Amino acid sequence: MVAPSDSKRYNLDLKMLRRGELRHAADGWHAILPLGGTNHRLWLQDLPAIGSPIAVELQFDSDFDVRARAALRLWLALERRPTGPSLLALSVQRRQRLILAMRALDGWLEGHSYRDIAIELFGRQRVPERGWKTFDLRNRTIRLVQTGVSMMRGGYRALLGRAK
(Lines give C-alpha, C1' and ligand atoms only; values in the text may rest on other atoms or scores of the structure.)
Protein backbone atom coordinates (compact mmCIF):
# COMPACT_ATOMS: atom_id res chain seq x y z
CA MET A 1 0.00 0.00 0.00
CA VAL A 2 1.27 3.48 -0.88
CA ALA A 3 1.13 6.15 1.81
CA PRO A 4 -0.68 9.40 1.00
CA SER A 5 1.49 12.13 -0.44
CA ASP A 6 3.03 14.69 1.89
CA SER A 7 3.41 17.16 -0.96
CA LYS A 8 3.72 20.76 0.19
CA ARG A 9 1.25 23.37 -0.83
CA TYR A 10 2.85 26.39 -2.43
CA ASN A 11 1.23 29.80 -2.57
CA LEU A 12 1.63 29.98 -6.30
CA ASP A 13 -0.86 32.30 -7.99
CA LEU A 14 -0.25 32.07 -11.73
CA LYS A 15 -2.97 34.65 -12.38
CA MET A 16 -0.65 37.27 -10.87
CA LEU A 17 1.85 36.86 -13.72
CA ARG A 18 2.32 39.84 -16.00
CA ARG A 19 0.71 39.99 -19.41
CA GLY A 20 2.67 37.75 -21.77
CA GLU A 21 3.88 35.48 -18.97
CA LEU A 22 0.56 33.63 -18.87
CA ARG A 23 -1.58 32.88 -21.88
CA HIS A 24 -4.38 30.53 -22.76
CA ALA A 25 -4.19 28.43 -25.92
CA ALA A 26 -6.21 25.62 -27.45
CA ASP A 27 -4.03 23.01 -25.71
CA GLY A 28 -4.12 24.61 -22.22
CA TRP A 29 -2.24 27.28 -20.33
CA HIS A 30 1.33 28.36 -21.02
CA ALA A 31 3.22 30.21 -18.30
CA ILE A 32 6.65 31.72 -17.88
CA LEU A 33 7.30 31.65 -14.16
CA PRO A 34 10.22 33.86 -13.02
CA LEU A 35 11.40 32.10 -9.90
CA GLY A 36 14.77 31.47 -8.30
CA GLY A 37 16.66 33.70 -10.71
CA THR A 38 15.48 31.92 -13.85
CA ASN A 39 12.39 31.59 -16.04
CA HIS A 40 10.54 28.27 -15.80
CA ARG A 41 8.27 27.45 -18.72
CA LEU A 42 5.15 25.55 -17.74
CA TRP A 43 2.28 23.96 -19.62
CA LEU A 44 -0.87 23.28 -17.62
CA GLN A 45 -4.17 21.77 -18.69
CA ASP A 46 -5.97 23.93 -16.14
CA LEU A 47 -4.86 26.69 -13.78
CA PRO A 48 -4.38 25.28 -10.26
CA ALA A 49 -6.12 26.87 -7.30
CA ILE A 50 -3.88 28.95 -5.06
CA GLY A 51 -2.19 26.73 -2.49
CA SER A 52 -3.21 23.48 -4.16
CA PRO A 53 -0.71 20.62 -4.40
CA ILE A 54 1.47 20.68 -7.49
CA ALA A 55 2.41 17.59 -9.48
CA VAL A 56 4.67 17.16 -12.49
CA GLU A 57 3.91 14.65 -15.22
CA LEU A 58 6.85 13.63 -17.42
CA GLN A 59 6.86 11.54 -20.58
CA PHE A 60 9.33 8.68 -20.94
CA ASP A 61 10.76 9.94 -24.23
CA SER A 62 14.18 10.91 -25.58
CA ASP A 63 14.04 14.20 -23.62
CA PHE A 64 13.07 12.64 -20.29
CA ASP A 65 16.42 13.45 -18.67
CA VAL A 66 16.13 17.11 -19.65
CA ARG A 67 12.52 17.28 -18.45
CA ALA A 68 13.43 15.63 -15.14
CA ARG A 69 16.28 18.10 -14.54
CA ALA A 70 13.94 21.00 -15.40
CA ALA A 71 11.34 19.68 -12.95
CA LEU A 72 14.04 19.39 -10.27
CA ARG A 73 15.13 23.00 -10.93
CA LEU A 74 11.51 24.16 -10.58
CA TRP A 75 11.15 22.28 -7.29
CA LEU A 76 14.43 23.75 -6.00
CA ALA A 77 13.23 27.25 -6.93
CA LEU A 78 9.90 26.68 -5.16
CA GLU A 79 11.87 25.53 -2.11
CA ARG A 80 13.99 28.71 -2.36
CA ARG A 81 17.13 26.63 -2.82
CA PRO A 82 19.90 27.20 -5.42
CA THR A 83 18.82 25.79 -8.78
CA GLY A 84 22.28 25.25 -10.23
CA PRO A 85 23.44 26.07 -13.74
CA SER A 86 21.04 26.45 -16.64
CA LEU A 87 20.23 23.28 -18.55
CA LEU A 88 20.90 25.04 -21.84
CA ALA A 89 24.10 26.81 -20.85
CA LEU A 90 26.85 26.55 -23.44
CA SER A 91 30.46 26.08 -22.40
CA VAL A 92 32.87 28.88 -23.23
CA GLN A 93 34.54 26.67 -25.84
CA ARG A 94 31.23 25.76 -27.51
CA ARG A 95 30.14 29.40 -27.57
CA GLN A 96 33.48 30.45 -29.13
CA ARG A 97 33.23 27.71 -31.76
CA LEU A 98 29.70 28.80 -32.68
CA ILE A 99 30.86 32.40 -33.01
CA LEU A 100 33.69 31.30 -35.31
CA ALA A 101 31.25 29.16 -37.31
CA MET A 102 28.92 32.13 -37.85
CA ARG A 103 31.82 34.36 -38.89
CA ALA A 104 33.11 31.64 -41.24
CA LEU A 105 29.63 31.26 -42.72
CA ASP A 106 29.41 35.01 -43.32
CA GLY A 107 32.71 34.94 -45.21
CA TRP A 108 31.69 31.89 -47.23
CA LEU A 109 28.33 33.44 -48.16
CA GLU A 110 30.19 36.54 -49.36
CA GLY A 111 32.23 34.31 -51.70
CA HIS A 112 35.57 34.35 -49.87
CA SER A 113 37.96 31.41 -50.16
CA TYR A 114 38.70 29.13 -47.20
CA ARG A 115 42.19 30.67 -47.07
CA ASP A 116 40.76 34.20 -46.81
CA ILE A 117 38.31 33.06 -44.12
CA ALA A 118 41.13 31.41 -42.16
CA ILE A 119 43.25 34.59 -42.38
CA GLU A 120 40.32 36.62 -41.05
CA LEU A 121 39.53 34.17 -38.24
CA PHE A 122 43.03 33.15 -37.13
CA GLY A 123 45.34 35.89 -38.43
CA ARG A 124 47.68 36.03 -41.43
CA GLN A 125 50.69 34.86 -39.38
CA ARG A 126 49.02 31.47 -38.70
CA VAL A 127 48.19 30.73 -42.35
CA PRO A 128 51.21 29.47 -44.34
CA GLU A 129 52.06 30.70 -47.83
CA ARG A 130 52.80 27.12 -48.95
CA GLY A 131 51.26 23.80 -48.00
CA TRP A 132 47.79 25.23 -47.45
CA LYS A 133 46.02 22.16 -48.89
CA THR A 134 47.39 19.95 -46.10
CA PHE A 135 47.43 22.51 -43.28
CA ASP A 136 45.27 21.81 -40.21
CA LEU A 137 43.69 25.31 -40.18
CA ARG A 138 42.30 24.63 -43.67
CA ASN A 139 40.40 21.58 -42.39
CA ARG A 140 39.28 23.47 -39.29
CA THR A 141 38.03 26.37 -41.44
CA ILE A 142 36.10 23.98 -43.69
CA ARG A 143 34.49 22.34 -40.64
CA LEU A 144 33.55 25.75 -39.25
CA VAL A 145 31.89 26.70 -42.54
CA GLN A 146 30.06 23.35 -42.60
CA THR A 147 28.83 23.93 -39.04
CA GLY A 148 27.64 27.41 -39.99
CA VAL A 149 25.82 26.10 -43.08
CA SER A 150 24.19 23.36 -40.99
CA MET A 151 22.99 25.90 -38.45
CA MET A 152 21.73 28.20 -41.20
CA ARG A 153 19.67 25.31 -42.58
CA GLY A 154 17.92 24.70 -39.28
CA GLY A 155 20.60 23.10 -37.14
CA TYR A 156 20.47 26.08 -34.76
CA ARG A 157 17.43 24.40 -33.21
CA ALA A 158 19.83 21.96 -31.54
CA LEU A 159 20.88 24.86 -29.30
CA LEU A 160 17.34 24.91 -27.90
CA GLY A 161 17.56 21.25 -26.89
CA ARG A 162 20.03 19.75 -24.53
CA ALA A 163 23.43 21.26 -23.78
CA LYS A 164 26.21 19.11 -25.13
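The chain holds 4 helices and 3 strands, and the model in which they are seen is a predicted one. Read from the N terminus, the elements follow the order β-β-β-α-α-α-α, so that the description below can begin with the strands and then pass to the helices. Of the 164 residues in the chain, 29% are buried, and among the contacts with a separation of 6 or more, 46% join residues that lie 24 or more positions apart.

The strands form an open sheet of 3 members in the order 1-2-3, and their pairing is antiparallel. Strand 1 (22–25) and strand 3 (38–44) occupy the edges, and because each has a single partner strand, one side of each is left without a neighbour in the sheet. From one strand to the next the twist averages 15°. Between strand 2, which covers residues 28–35, and strand 3, the antiparallel pairing extends over 7 bridges, and Leu-35 is found opposite Thr-38 of strand 3. Helix 1 lies across strand 2 and strand 3, and its direction makes an angle of about 115° with that of strand 3.

After helix 1 (64–78) comes a loop that leads to helix 2, and Arg-80 is placed in this loop. The backbone of Arg-80 has a phi near 60°, which is a positive value in a residue other than glycine. As for its surroundings, Arg-80 has a relative accessible area of 79% and is therefore classed as exposed, the cut-off being over 50%.

The remaining helices can be followed through the nonpolar core that they share. The largest nonpolar core has 15 residues, and those with the most contacts inside it are Ala-104, Leu-121, Phe-122 and Leu-144. Helix 2 (92–109), helix 3 (114–122) and helix 4 (136–152) each supply at least two residues of this core, and helix 3 gives the most, with 5 residues. Phe-122 shows how such a residue is surrounded: when residues up to four places away in sequence are not counted, Phe-122 touches Leu-100, Leu-137, Arg-140, Thr-141 and Leu-144. A second core, separate from this one, has 10 residues, including Leu-22, Ala-31, Leu-42 and Leu-44.

How, then, are helix 3 and helix 4 arranged with respect to each other? Their axes come within 9 Å and cross at roughly 95°, which means that helix 3 is roughly perpendicular to helix 4. On the side of helix 3, the residues that meet helix 4 are Tyr-114, Ile-117, Ala-118, Leu-121 and Phe-122, while helix 4 brings Leu-137, Arg-140, Thr-141, Ile-142, Leu-144 and Val-145 to the contact. Divided by character, the residues of this contact are 9 nonpolar, 1 polar and 1 charged. Thr-141, which is placed in helix 4, has a relative accessible area of 0% and therefore counts as buried, for which the value must be under 20%. Leaving aside neighbours within four places in sequence, Thr-141 is in contact with Tyr-114, Ile-117, Ala-118 and Phe-122.

Helix 4 also meets helix 2. The axes of helix 2 and helix 4 come within 7 Å and cross at roughly 90°, and the two helices are therefore roughly perpendicular to each other. Helix 2 takes part in this contact through residues that include Arg-97, Leu-100, Ala-104, Leu-105, Trp-108 and Leu-109, and they face a set in helix 4 that includes Arg-140, Leu-144, Val-145, Gly-148, Val-149 and Met-152. The residues of this contact divide into 13 nonpolar, 2 polar and 3 charged.

Met-152, placed in helix 4, offers a closer view of this contact. Is Met-152 buried, partly exposed or exposed? Its relative accessibility is 43%, so Met-152 counts as partly exposed, a class that lies between the cut-offs of 20% and 50%. Apart from neighbours within four places in sequence, Met-152 is in contact with Leu-105 and Leu-109. Although Met-152 and Leu-105 are 47 residues apart along the chain, their C-alpha atoms are separated by 8.6 Å.

Methods:
Residues are numbered from 1 along each chain as its sequence is written. This is a predicted model: local features need pLDDT of at least 70, side-chain atom pairs count only at pLDDT 80 or more; totals for chains, interfaces and linings use all residues. Side-chain values use heavy atoms; hydrogens and water are left out. A nonpolar core is a set of buried Ala, Val, Leu, Ile, Met, Phe, Trp, Tyr and Cys residues joined through side-chain atoms within 4.5 Å. Buried means under 20% relative accessible area, exposed over 50%, partly exposed in between (1.4 Å probe, protein chains only). Contact means heavy atoms within 4.5 Å. Two strands pair if DSSP finds at least two bridges between them. Axes are lines fitted to C-alpha atoms, for helices over the stretch in contact, and angles run from 0 to 180 degrees between N-to-C directions. Angles under 35 degrees count as roughly parallel, over 145 as roughly antiparallel, 65 to 115 as roughly perpendicular and the rest as oblique. Ala, Val, Leu, Ile, Met, Phe, Trp, Tyr, Cys and Pro count as nonpolar, Asp, Glu, Lys and Arg as charged, and the others, Gly among them, as polar.
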